[in-house]
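Q: Please take me through a close look at one part of this structure, starting from a single residue and working outwards. I would like one connected account.

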Amino acid sequence: MADSTLSPDDAAAFRQRCVDFLEGYDPPRERSLENSRRFLLAAADAGLGGLVYPVEYGGAGLTKEHERIWRSEKAKYGSVDSDFVISHGMCLPVMNDFASDELKREFLPDVISGKTMWCQMFSEPGAGSDVASLQTRAELDGDEWIINGQKVWTTLAHHSDYGVLIARTDPDQPKHAGISMFMIDMRAPGVEIRPIHQIDGGKHFNEVFFTDLRVPKHWLLGEKNNGWRQATAMLMYERVAIGGLGSGDISQPIFDQLVKWARKNEKIDDPVVRDELMQIYAMETTKAMVSMRTRAEMKAGKAPGPGGSLGKLFGSKIHWRFRDIAQGIAGMESIATDGDAGGEDLWKLVLNSFQSSIAGGTDEIQRNIIGDRVLGLPREPAVDRDVPFRDLKVGTQRD
Ligand SMILES: Cc1cc2nc3c(=O)[nH]c(=O)nc-3n(C[C@H](O)[C@H](O)[C@H](O)COP(=O)(O)OP(=O)(O)OC[C@H]3O[C@@H](n4cnc5c(N)ncnc54)[C@H](O)[C@@H]3O)c2cc1C
């Protein structure tokens, strides 16, 4: 990805270009997959898609500073493309890092313009936090890989055209060593997608089953059996994408929501509520600043490191506090609806907010990473590090 420092004049000119596009396009208020897709297509047509990616792969070949400016202007219109956070925040950088030039030329332009949507297939019923225990396997048969197994919690698999998958390619090696990464056609025969019904009535994620799925040999991403290192890179991108979601500027979206509800429930003058609102304001401001630091480090050429876990964990802590305050302000209305919520869905926000402690790695796992790799504390004991995977009692390997 190109990078250089922008002159103030160039930065101002680019910001104006973003403002002109956004004002001209005027993204619709209603958030939907189709609206996100249309927005991305229009942005790509205007030369504002995939800003930091090379032109030959459908990007704009610009710098991370351009990206930051674009992000901050775009955020003024809310989450105009949030359904593509996995496609763009995780699959795109991983494809850019590990796919062959041929695959990048063929697939990246459509990822960038939102013509195709991508999903991430890591978690399995027996492999979540300890994802290296995964049992989905890929075996080479001539010019094709044959994939069998099951993934779970695959966000937006049912809308995705392609996905990035990790599978076991050598069960005789220890669990971290025998894993490889592939791109998968989600519409191919051998892929079955079953939706999971959520507490808020939504269906965002899925179980995905693979039965003798055939994948072209050259759809292996990176090197065979190097998938763990590549998966770790993807998880780092994920934590930055989730932890740094939003503008790249300082903003307080949860505070704004709570203020709205405090007004509606005539609690805005209550001194205790005001105190709590200021706590959330301070927490969100701090989180935005941590995200800015992470992005500045990335701009300076550092790969997103374990520090991304700080933003991710703090985002989760903000949601814990948000739930407490929302219940104090709105009582029952914050967790239930009588079906006449009039579009004001605080209960949905509250119920959905639990996911931030789990998705992309749980709070406990983020604390482990911060302990090990940021603070330099001793690592957790691991007795299975050197044992061949096929001898481990993980997943369904229990007999
Ligand atoms: C909204 C949402 C979207 C998701 N989208 C995707 C997706 O698109 N693709 C995908 O692959 N996955 C996805 N996931 C799955 C997610 O990555 C896993 O749920 C997560 O990694 C936890 O794994 P698990 O659910 O198996 O829980 P487990 O790993 O079984 O954990 C259970 C509990 O044990 C604790 N625990 C486990 N190990 C340790 C340890 N070593 N130290 C301390 N505590 C520990 C955990 O913190 C947790 O509290 C999604 C999850 C959610 C909630």
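A: Happily! In this predicted model, threonine 294 is buried, because 21 other C-beta atoms lie within 10 Å of its own, and 20 or more are enough to count as buried. Threonine 294 belongs to helix α8, which runs over residues 271-299. Its C-alpha atom is 9.6 Å from that of leucine 310, a residue 16 places away along the chain.

Let us move on to another buried residue. Serine 334 sits in the loop between α9 (308-330) and α10 (346-352). Serine 334 also counts as buried, since it has 21 other C-beta atoms within 10 Å. Setting aside neighbours within four places in sequence, the contacts of serine 334 are Ala326, Gln327, Leu346, Trp347 and Val350. From serine 334 to phenylalanine 39 there are 295 residues in sequence, and the C-alpha atoms of the two are 32 Å apart in space.

Phenylalanine 39 brings us to helix α2, where Ser36, Phe39, Leu40, Ala43 and Ala44 are buried. These residues are on the same side of α2, because they cover an arc of only 130° around the axis. As a reminder, an α-helix has 3.6 residues a turn, so residues three or four places apart point the same way. The buried residues of α2 pack against α5 (101-112), while the face turned away from the buried side carries the exposed residues Glu34 and Asp45. The length of α2 (residues 33-45) can be checked too: at 1.5 Å a residue, its 13 residues should span 18 Å, and the end C-alpha atoms are 18 Å apart, so the two agree. After α2 comes glycine 47, with a positive phi near 80°.

Now for the wider setting. The domain assignment of the chain lists domain 1 (8-112), domain 2 (118-226) and domain 3 (250-361). Between the C-alpha centres of domain 2 and domain 3 there are 32 Å. Both of these domains give residues to the shell around the ligand, so the ligand lies between them. That shell has 19 residues, of which Phe122, Gly128, Ser129, Thr362 and Glu364 come nearest to the ligand. Two or more shell residues come from each of the elements β1 (118-121), β3 (144-155) and α11 (363-374). By character, the shell divides into 8 nonpolar, 10 polar and 1 charged residue.

Definitions and conventions:
Residues are numbered from 1 along each chain as its sequence is written. This is a predicted model: local features need pLDDT of at least 70, side-chain atom pairs count only at pLDDT 80 or more; totals for chains, interfaces and linings use all residues. Helices (H or I, at least four residues) and strands (E, at least two) are DSSP runs, numbered from the N terminus. A residue is buried if 20 or more other C-beta atoms lie within 10 Å of its own, exposed if 12 or fewer, and partly exposed in between; C-beta atoms are placed from the backbone. The expected span of a helix is 1.5 Å times one less than its number of residues. The arc is that of the directions from the helix axis to the C-beta atoms. Two residues are in contact if their C-beta atoms, placed from the backbone, lie within 7 Å. Domain bounds come from an automatic or database domain assignment. A residue is near a molecule or strand if its C-beta atom, placed from the backbone, lies within 6 Å of it. Ala, Val, Leu, Ile, Met, Phe, Trp, Tyr, Cys and Pro count as nonpolar, Asp, Glu, Lys and Arg as charged, and the others, Gly among them, as polar.
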